[in-house]
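User: I've got a chain open and would like to talk through it. Could you take my questions one by one?

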Amino acid sequence: MRYIDMDEVDLELPDDWDNTVEQAWAYVNAKVAEAEATVIEKAQEQNWSVVKQTEEVESAKSKARKKAISAKSAVWGQLSTILSKRSNGKCWYCESNELRSDNPIDHFRPKGKVAECPDHPGYWWLAFDWKNYRFACTYCNSRRVDIETAGGKQDHFPIFTPPDWNKSEGDNNLEKPKLLDPTDEDDYKLLTFNKNGEACPNCDDDDTEDYQKAKESIEKFHLNHSPTKKARKAIKQKIMQVVADTNELLAQGIDIKSGQIKSNKKELIKLIRPSCTTTKFNTAAKLYLREFEDNVWVKEILDRD
């Protein structure tokens, strides 16, 4: 995971974005009003009680709203390229750029329902709010099961309670998500990676909120999906080998400006640099490289990037 500055996303929004959102809500509200009118007409014909009419109206409005919002998925879909640009095509949660993933847009606060809160209607009022969008690969955003692990965010949105979830547009509870958010400049620091490529909380005290937040996120974002874990381990092994080879050349008296050493340094820079489109898991790579920062030439690379 790496930090994403949403102010940079704001600068890239289409000029007609507000108008697009306004039209989307007009469509949704019209469908909701239509569903409400249909139920009221039926209630009058069948002489329903006030209680039954109220229940049926709310149910019909909720169903119509969800269906209408889903019908307007192209609204957030049009921002996919803009969100992708902020991370050079890599998932904001795991930093993978797997071609097999369709890289959907995740609603950080789920728009349809909340798995941890059965009576939650979903954060439907944030359906077209770009600040609620996260660029995510299929394995982080959808339910997936492999031989060792299972995960995927889906409709999950655990929080530390109290306070409770915000369940309507007018609620103002100061929610404390139990999920790491790549748009929070402090959250990515709560993750680290061990020698086997596993994502781990960056603290040992399991009573702290930071630990619990990282632990929950590792599961929900499926950060230890087996191929992902193995890929990180391979990166660590690669870094260890390149550092060892470079130190061996230096020990032999080879000038640090020689072609081979420059090539090795360039390889490490690519591994840790988020802007490199041909590499992934750059944050993990940088943490692995930090293990060798007692080497002056390694520290120079880290300080530059």
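Analyst: Sure, here are some questions and answers on this predicted model.

User: Let's start with the overall build: how many helices and strands does the chain have?

Analyst: The C-alpha trace spans about 95 × 45 × 35 Å along its principal axes. Of the 305 residues, 45% are buried. As for secondary structure, the count is eleven helices and six strands.

User: Which residues have the most contacts inside the largest nonpolar core?

Analyst: In soluble globular proteins, nonpolar side chains tend to be buried together. Here the largest such core has 44 residues, and E5, H7, H8, H9, H10 and H11 each supply at least two of them. Another core, of 24 residues, lies apart from it and includes Trp92 and Trp130. Back in the largest one, the residues with the most contacts are Tyr93, Cys140, Phe157, Leu223, Ile239, Leu268 and Leu289.

User: How do the lining residues of the second largest cavity divide into nonpolar, polar and charged?

Analyst: The structure holds two cavities of 30 Å³ or more, and the second largest has a volume of about 50 Å³. Its lining includes Met1, Tyr93, Leu223 and Phe281, along with Glu95 and Arg232. The split is eight nonpolar, no polar and two charged.

User: Glutamate 95 keeps catching my eye. Is it buried or exposed, and at what relative accessibility?

Analyst: Glutamate 95 sits in the loop between H5 and E1. Its phi is positive, near 65°, though it isn't a glycine. It also helps line the second largest cavity. Buried means under 20% relative accessible area, so glutamate 95 counts as buried, at 2%.

User: And asparagine 47, which also has a positive phi: buried or exposed?

Analyst: Most residues other than glycine have a negative phi. Asparagine 47, in the loop between H2 and H3, has a phi of about 55°. The cut-off for exposed is over 50%, and the relative accessible area of asparagine 47 is 68%, so it is exposed.

User: What separates the C-alpha atoms of threonine 228 and glutamate 95?

Analyst: Threonine 228 lies in helix H8 and is buried, with a relative accessible area of 11%. Leaving aside neighbours within four places in sequence, it touches Leu223 and Phe281. Along the chain, threonine 228 and glutamate 95 are 133 residues apart, yet their C-alpha atoms are separated by 9.9 Å.

User: Which residues does asparagine 282 contact, leaving aside neighbours within four places in sequence?

Analyst: Asparagine 282 is found in helix H10. Its relative accessible area is 1%, so it's buried. With those sequence neighbours set aside, its contacts are Lys90, Glu95, Lys270, Leu271, Ile272, Arg273 and Pro274.

User: Which side chain makes a polar contact with the side chain of asparagine 295?

Analyst: Asparagine 295 is in the loop between H10 and H11 and counts as buried, at 18% relative accessibility. Beyond four places in sequence, asparagine 295 is in contact with Val243 and Asn247. The polar contact, at 3.4 Å, is with the side chain of aspartate 294.

User: Last one: what is omega for the cis peptide bond from proline 162 to proline 163?

Analyst: Most peptide bonds are trans. In the loop between E4 and E5, where proline 162 lies, the bond from threonine 161 to proline 162 is cis, with omega near -5°. Proline 163 is in the loop between E4 and E5 too. The bond from proline 162 to proline 163 is cis, with omega near 5°.

How values were computed: Residues are numbered from 1 along each chain as its sequence is written. This is a predicted model: local features need pLDDT of at least 70, side-chain atom pairs count only at pLDDT 80 or more; totals for chains, interfaces and linings use all residues. Side-chain values use heavy atoms; hydrogens and water are left out. Helices (H or I, at least four residues) and strands (E, at least two) are DSSP runs, numbered from the N terminus. Buried means under 20% relative accessible area, exposed over 50%, partly exposed in between (1.4 Å probe, protein chains only). Contact means heavy atoms within 4.5 Å. On a 1 Å grid over the protein atoms alone, a cavity is a set of points where a 1.4 Å probe fits but cannot get out, and a pocket is an open set with protein on both sides within 12 Å along at least five of seven lines; lining residues have an atom within 4 Å of a point. Grid points are joined across faces, edges and corners, and a volume is the space filled by probe spheres set on the points. Ala, Val, Leu, Ile, Met, Phe, Trp, Tyr, Cys and Pro count as nonpolar, Asp, Glu, Lys and Arg as charged, and the others, Gly among them, as polar. A nonpolar core is a set of buried Ala, Val, Leu, Ile, Met, Phe, Trp, Tyr and Cys residues joined through side-chain atoms within 4.5 Å. A polar contact is a pair of N or O atoms within 3.5 Å; within protein, one must be able to donate a hydrogen and the other to accept it, and residues adjacent in sequence count only if both atoms are side-chain atoms.
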